[in-house]
Amino acid sequence: MKKSDQAILKVTDLHKQFDQTEVLKGIDLDVYPGEVIVIVGPSGCGKSTFLRCLNGLEPINSGRVELNGQVITAPGTDWSLIRQKIGMVFQNYELFPHLNVMDNILLGPTKVQGRKKSEAKAEAESWLERVDLLEKAQAYPRQLSGGQKQRVAIVRALCMSPEVMLFDEVTASLDPEMVREVLDVMLNLAKGGLTMLIVTHEMAFAKAVADRVIFMDQGYVIETNTPEAFFNNPNTERARKFLNIFQFEGVHKVQ
């Protein structure tokens, strides 16, 4: 428990299936304010589906999710309101091509939250400056690199003032040289105390940023541990095999 004994996000016995295939098989997780949880595991193990269940992009079959004690998976939940509190960044940016950077960012705060444009713009400019993109405020997505688009997507989510941020493989579609600039932004957010759940295959980044590492396989949480313990001495044979694959492929650079 990092900053509080009270979980900001509580997941209890969460199940999700598509047709006859059960993708999540009883996930339990408490997330505390200011905590950074990195979720790793083989492709198809349910990591991305789990994140999508947390902010209502995928309805769950059973179990529950609570945000600050409120059961948000109950019938009648206003997901448009919840998604302002649980922000999400995807691997494919989701920027509107006909809007410039600033207008992409301002759409949520002004149209959804009803904030004054001048106030929202000042906050957007502050975030753009922090991610070294203020000079791109009037540029269009087609004029940006993949790394720049992803940083804009992160700023857009942050300008909604979320309590929790979800990152789903946000560097997966980037060229290797662009990965670092996005991960640096996320490292700085972690240092600033933002509560985050991050799905990633970047093992060195996971070790650097995580308070806890969650290892998933076949719809289950197989292991939960500190990054030091998980990467240096995992508890389960399945986790050891997973890490050995990364080491063999030359991507498990966690010195």
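Contact here means heavy atoms within 4.5 Å. With that in mind, let's walk through this predicted model, beginning with a helix and the sheet it meets.

**A helix across a sheet**

Helix 1, made of residues 47–54, lies across strand 1, strand 2 and strand 4. Relative to strand 1, helix 1 runs at about 120°. These strands belong to an open sheet of four strands in the order 2-1-4-5, and the pairing is antiparallel. Strand 2 (21–31) and strand 5 (70–71) stand at the edges with a single partner strand each, so one side of each is left without a neighbour in the sheet. Further in, strand 1 (residues 9–18) and strand 4 (residues 62–67) run antiparallel and are joined by five bridges. If you would like a spot to find on screen, look for Lys-10, which stands opposite Glu-66 in strand 4.

As general background, strands of a sheet pair through backbone hydrogen bonds, either parallel or antiparallel. The next strand to visit has a partner of each kind: strand 9 runs parallel to strand 3 and antiparallel to strand 10.

**Strand 9 and its partners**

How many of the six residues of strand 9 are buried? Six of the six, in residues 212–217, so strand 9 is largely enclosed by the rest of the structure. Arg-212, Ile-214 and Met-216 point one way, while Val-213, Phe-215 and Asp-217 point the other way. Both sets are buried, and they include charged residue names such as Arg-212 and Asp-217.

Four bridges join strand 9 to strand 3 (residues 36–40), and Ile-39 stands opposite Ile-214. Towards strand 10 (residues 220–225) there are five bridges, with Val-213 having Asn-225 as its bridge partner. Strand 9 and strand 10 form a hairpin with two residues between them. In the turn, Gln-218 has a positive phi of about 55°.

**A cluster of phenylalanines**

Phe-215 leads on from strand 9 to the aromatic rings. The whole structure holds three aromatic pairs. One of them is tilted: Phe-215 and Phe-242 sit 5.1 Å centre to centre, with 45° between the planes. This pair links distant parts of the chain, as Phe-215 is in strand 9 and Phe-242 is in helix 9 (residues 237–249), 27 residues apart. Another pair is Phe-230 with Phe-231, whose centres are 5.2 Å apart and whose planes are at 80°, so the pair is edge-to-face. Ring pairs link Phe-215, Phe-230, Phe-231 and Phe-242 into a cluster.

How accessible is each member of the cluster? The table gives the values.

| Residue | Relative accessible area | Status |
|---|---|---|
| Phe-215 | 0% | buried |
| Phe-230 | 0% | buried |
| Phe-231 | 6% | buried |
| Phe-242 | 4% | buried |

**A buried arginine in a loop**

Finally, turn to Arg-115, which is placed in the loop between helix 3 (101–112) and helix 4 (117–130). Is Arg-115 buried or exposed? Its relative accessibility is 18%, so Arg-115 counts as buried, given that the cut-off is under 20%.

What lies 2.9 Å from a polar atom of the Arg-115 side chain? The backbone oxygen of Cys-159 does. Leaving aside residues up to four places away in sequence, Arg-115 touches Pro-109, Thr-110, Ala-120, Glu-123, Cys-159 and Ser-161. Cys-159 therefore appears among the residues that Arg-115 touches, where contact means heavy atoms within 4.5 Å.

Terms used:
Residues are numbered from 1 along each chain as its sequence is written. This is a predicted model: local features need pLDDT of at least 70, side-chain atom pairs count only at pLDDT 80 or more; totals for chains, interfaces and linings use all residues. Side-chain values use heavy atoms; hydrogens and water are left out. Buried means under 20% relative accessible area, exposed over 50%, partly exposed in between (1.4 Å probe, protein chains only). Two strands pair if DSSP finds at least two bridges between them. Axes are lines fitted to C-alpha atoms, for helices over the stretch in contact, and angles run from 0 to 180 degrees between N-to-C directions. A polar contact is a pair of N or O atoms within 3.5 Å; within protein, one must be able to donate a hydrogen and the other to accept it, and residues adjacent in sequence count only if both atoms are side-chain atoms. Rings of Phe, Tyr and Trp (its six-membered ring) pair if their centres lie within 6.5 Å; planes under 30 degrees apart count as stacked, over 60 as edge-to-face and the rest as tilted.
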